[in-house]
Amino acid sequence: MSKDKTICITGAGAGIGRGTLLHFHGLGWRVAALDKDEDALAELARLLPGERCLTAVCDVGQEAPVKQAFGALTDWLDGDPLTCLVNNAGIADPFCGPLDELSLAAWQSWIDASLTAAFLCSREALPLLRRAEQASIVNISSTRSRMSEKDTFAYAAAKGGLDALTHSMAVSLGPRIRVNAILPGWIVTQPWQKERERGEPDLRPVDHAQHPAGRAGTVEDIARTVEWLAEAGFVTGEQVVVDGGMTRKMIYAD
Ligand code: NAD
């Protein structure tokens, strides 16, 4: 069996996860995609036929399916190490409505898809990551862990928890396993959806211009940051903001 590097990405059926998976496949890595969307994974498997890609349908917020998916990953690796786990899955829409109307079930869906999933997948990945001399976990958080729009309680709390889980895992799992978080800002994902949901981004010039970097983010911006963190041997426990400067910008009313 080859000793190539291997990356496992949750929520890899669409958006940032899909683009990052294709980026690493292009770099020559073996890639494992976990997603609850069966159609999206089937499309990915058609796009990347062959031994270098594994797909596993799995709700990463639920314990039993996660154990099953990591069982399949363990078989596929056949004794080789997992080099990098990216906990990317999450409910992308942050808006949950007013607090006094937010049900416990709705709250839990944001927490499970992002925070609980990162705990479950990291735990199951540990024996595979520990086979490597140097391995890492990258958690896809959000700038919304630091600042908010109205009515985004569960999303913000899930991402804040993910930031804390990141430094807690970093001090516990080192030195062999580094753990970092990426906090994306506004990332355009329409071109990275599965075929029948794919679209062109519908951004106004002002949407780009409000970023100090002059544009909204791309999936490639995040994929390249994951690539850097996967190799950055002296970086652990960090939260890397990739937002074109939006959270550095002061806003005053006219
Ligand atoms: P997306 O909706 O395009 O893709 C998310 C993928 O995750 C989908 O394929 C979906 O099926 C999968 N998924 C969701 N819940 C799952 C679960 N419980 N189990 C398995 N798979 C699940 O979203 P995106 O915009 O690419 O977001 C990816 C991550 O990046 C999310 O964690 C999101 O919070 C974060 N993020 C996105 C942005 C942005 O602007 N797009 C900004 C900040 C953070």
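**A ligand, its shell and a nonpolar core**

The residues of the shell around the ligand comprise twelve nonpolar, ten polar and five charged ones. The structure shown here is a predicted model. The shell holds 27 residues, and those that come nearest to the ligand are Ile16, Asp35, Asn88, Tyr155 and Lys159.

Two of these residues also provide polar atoms close to ligand oxygens. In Ile16, a polar backbone atom is 2.7 Å from an oxygen atom of the ligand. In Tyr155, an N or O atom of the side chain is 2.6 Å from an oxygen atom of the ligand. Gly185 may be added to this description: one of its backbone N or O atoms lies 3.3 Å from an oxygen atom of the ligand. On its own, the ligand has 830 Å² of accessible area, of which the protein covers 88%. Helix H1 (15-26) and helix H5 (153-173) are the elements that give two or more residues to the shell around the ligand.

From the ligand, the reader may turn to the interior of the protein. In soluble globular proteins, nonpolar side chains tend to be buried together. The largest nonpolar core in this model has 34 residues, and Phe70, Leu73 and Leu82 touch the most other members. Several elements give two or more residues to this core: strand S2 (30-35), strand S3 (53-57), helix H3 (63-77), helix H4 (104-129), strand S5 (135-140), helix H5 and strand S6 (177-184). Helix H4 supplies the largest share, eight residues. Helix H5 thus appears in two settings, since it gives two or more residues to the shell around the ligand and two or more to the core.

Phe95 offers a further case for study. This residue has its place in the loop between strand S4 (84-87) and helix H4. Is Phe95 buried, partly exposed or exposed? Its relative accessibility is 41%, so Phe95 counts as partly exposed and cannot belong to a nonpolar core, because such a core is a set of buried residues. Phe95 and Ala56 are 39 residues apart along the chain, and their C-alpha atoms are separated by 28 Å.

The cysteines remain to be considered. How many disulfides does the model contain? The count comes to zero. For Cys8, the closest cysteine sulfur is that of Cys121, and it is 6.9 Å away, which is too far for a bond because a disulfide needs sulfur atoms within 2.5 Å. Cys8 is buried, with a relative accessible area of 0%. Cys96 is likewise buried, with a relative accessible area of 16%.

Methods: Residues are numbered from 1 along each chain as its sequence is written. This is a predicted model: local features need pLDDT of at least 70, side-chain atom pairs count only at pLDDT 80 or more; totals for chains, interfaces and linings use all residues. Side-chain values use heavy atoms; hydrogens and water are left out. A residue is near a molecule or strand if one of its heavy atoms lies within 4 Å of it. A polar contact is a pair of N or O atoms within 3.5 Å; within protein, one must be able to donate a hydrogen and the other to accept it, and residues adjacent in sequence count only if both atoms are side-chain atoms. Accessible areas come from the Shrake-Rupley method with a 1.4 Å probe; for residues, only the protein chains shown count as cover. Helices (H or I, at least four residues) and strands (E, at least two) are DSSP runs, numbered from the N terminus. Ala, Val, Leu, Ile, Met, Phe, Trp, Tyr, Cys and Pro count as nonpolar, Asp, Glu, Lys and Arg as charged, and the others, Gly among them, as polar. Buried means under 20% relative accessible area, exposed over 50%, partly exposed in between (1.4 Å probe, protein chains only). A nonpolar core is a set of buried Ala, Val, Leu, Ile, Met, Phe, Trp, Tyr and Cys residues joined through side-chain atoms within 4.5 Å.
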